Amino acid sequence: MKEKVRIIEVGPRDGLQNEKKALDQSVRIELIKKLVDAGIKRIEIGAFVSPQWVPQMAGSLDLTKQILRMQSQGQIAKDIKFSCLVPNVRGMEDALKSGIQEVAIFGACSETFSKKNINCSIAESFIRFRQVLEMAHYHKIKVRGYLSTAFGCPYEGRIDESRVIRLVKTMFKYGVYEVSIGDTVGVATPKQVESLLKKVKRVAPLNKIAMHFHDTRGTSLANVYASYNLGVRAFDTSVGGLGGCPYAKGASGNLATEDLVYMLKGMGIPLHADLEKLIGIKKWLEDKFERELPSRVGKAGIPKGFE
Ligand code: HMG
Ligand code: MG
């Protein structure tokens, strides 16, 4: 079965990076294996960033090596695609050591957030990205590009659409295969999403765009629906609704994977993801973090006749 919508599970990265408690390596690996077992095909498993900046992602090199070893030994299916974040050449060196076949650069649409998150201006970040892309392409590694704070920034407020369009164009010119447009602190509403995507469509086909919604204000499913209706077919989510960026004040969890799966299945869209198993992972994570996670479907369950 070919899936018509691509889910990119970012729980092991976005989901864990904002938690006070850093999970042990073995638990992070178990989480990834559980997601694979739940039918997820694309998973962002870590970040080759500074452990001083994001201690929760420390050890991503070793973790990636272990996951890829399991895959080469047949314990994880060959068709599962893994990726990791890379901010600079130093991170790309770790990516090469790990053997991963896909990385994601992450830029911002707001100068203040760029400075706070990766300690450089947008222009400087794109100089780094170009170097990362050159290395990646030389080694035949696919590169995805994130654009954070595309709708609003916790420090600068509403973001001008023309700035986002310019950065989307630059990312594709540099050679990323997909751009993920991020609502980092969950401010967007469907009209704003439609307005931006109609302009994005003039510079890039929407089947090369992914949407990355944080659900801070409860608008993420409505935003997915608006994006889907315009032709977007890739969405980033995090199991249980974990997530948030430690350098974006006020950011809360990503759209929960199980909430997206529930809605898309209800729309008749075929997916490999197993809702029961995803809800099981949410409960398992609640034990690890000793608190309730925000996913709605995880909380309410699957009603009779809606399986
Ligand atoms: P910096 O301090 O400016 O780095 O940090 P530097 O180049 O000055 O180097 C300082 C030290 O860090 C050096 O070590 C480097 O080797 C080391 P020393 O010589 O002092 O021993 N270093 C590194 N170590 C490991 N991995 C690296 C690396 N780079 C340098 N890659 C840096 C700049 C980019 C590294 C830092 O700001 C950083 O790691 N930032 C990451 C922040 C982050 O991960 N944020 C969360 C992800 S973004 C997000 O969540 C948004 C998203 O979900 C989309 C959305 O929601 O919209 C993607
Ligand atoms: Mg995010």
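Ligand 1 sits in the largest pocket of this predicted model.

**Exercise 1.** Describe the shell of residues around ligand 1.

*Solution.*
1. Count the shell: 25 residues surround ligand 1, the closest being Gln17, Asn88, Asn117, Asn119 and Thr184.
2. Sort the shell by class: eleven residues are nonpolar, eleven are polar and three are charged.
3. Assign residues to elements: helix H1 (11–17), helix H4 (89–98), helix H5 (111–118) and strand E5 (142–148) each contribute at least two. The most come from H1, which gives three residues.

**Exercise 2.** Find side chains that place an N or O atom within 3.5 Å of an oxygen atom of ligand 1, and state how much of the ligand the protein covers.

*Solution.*
1. Start with glutamine 17: an N or O atom of its side chain is 2.7 Å from a ligand oxygen.
2. Go on to arginine 13, where the corresponding distance is 3.0 Å.
3. Add histidine 212, whose side chain also has an N or O atom 3.0 Å from an oxygen of ligand 1.
4. Turn to area: on its own, ligand 1 has 1,100 Å² of accessible area, and the protein covers 73% of this.

**Exercise 3.** Identify the protein donors of the magnesium ion (ligand 2) and locate them along the chain.

*Solution.*
1. List the donors: Asp14 (OD), His212 (NE2) and His214 (NE2) lie 2.0 to 2.3 Å from the ion.
2. Write their spacing: D-x197-H-x1-H.
3. Place the pair aspartate 14 and histidine 214: the former is in helix H1, the latter in the loop between strand E9 (209–213) and helix H9 (220–230). These two residues are 200 residues apart, linking distant parts of the chain.
4. Compare with Exercise 2: histidine 212 is a magnesium donor and also has a side-chain N or O atom 3.0 Å from an oxygen of ligand 1.

Key: Residues are numbered from 1 along each chain as its sequence is written. Chains are lettered from A and ligands numbered from 1 in the order in which they are written. This is a predicted model: local features need pLDDT of at least 70, side-chain atom pairs count only at pLDDT 80 or more; totals for chains, interfaces and linings use all residues. Side-chain values use heavy atoms; hydrogens and water are left out. A residue is near a molecule or strand if one of its heavy atoms lies within 4 Å of it. A polar contact is a pair of N or O atoms within 3.5 Å; within protein, one must be able to donate a hydrogen and the other to accept it, and residues adjacent in sequence count only if both atoms are side-chain atoms. Accessible areas come from the Shrake-Rupley method with a 1.4 Å probe; for residues, only the protein chains shown count as cover. On a 1 Å grid over the protein atoms alone, a cavity is a set of points where a 1.4 Å probe fits but cannot get out, and a pocket is an open set with protein on both sides within 12 Å along at least five of seven lines; lining residues have an atom within 4 Å of a point. A molecule sits in a cavity or pocket if more than half of its atoms lie within 2 Å of its grid points. Helices (H or I, at least four residues) and strands (E, at least two) are DSSP runs, numbered from the N terminus. Ala, Val, Leu, Ile, Met, Phe, Trp, Tyr, Cys and Pro count as nonpolar, Asp, Glu, Lys and Arg as charged, and the others, Gly among them, as polar. Donors are N, O and S atoms within 2.8 Å of the metal (3.2 Å for Na, K and Ca); water is not among the atoms, so sites may look incomplete.
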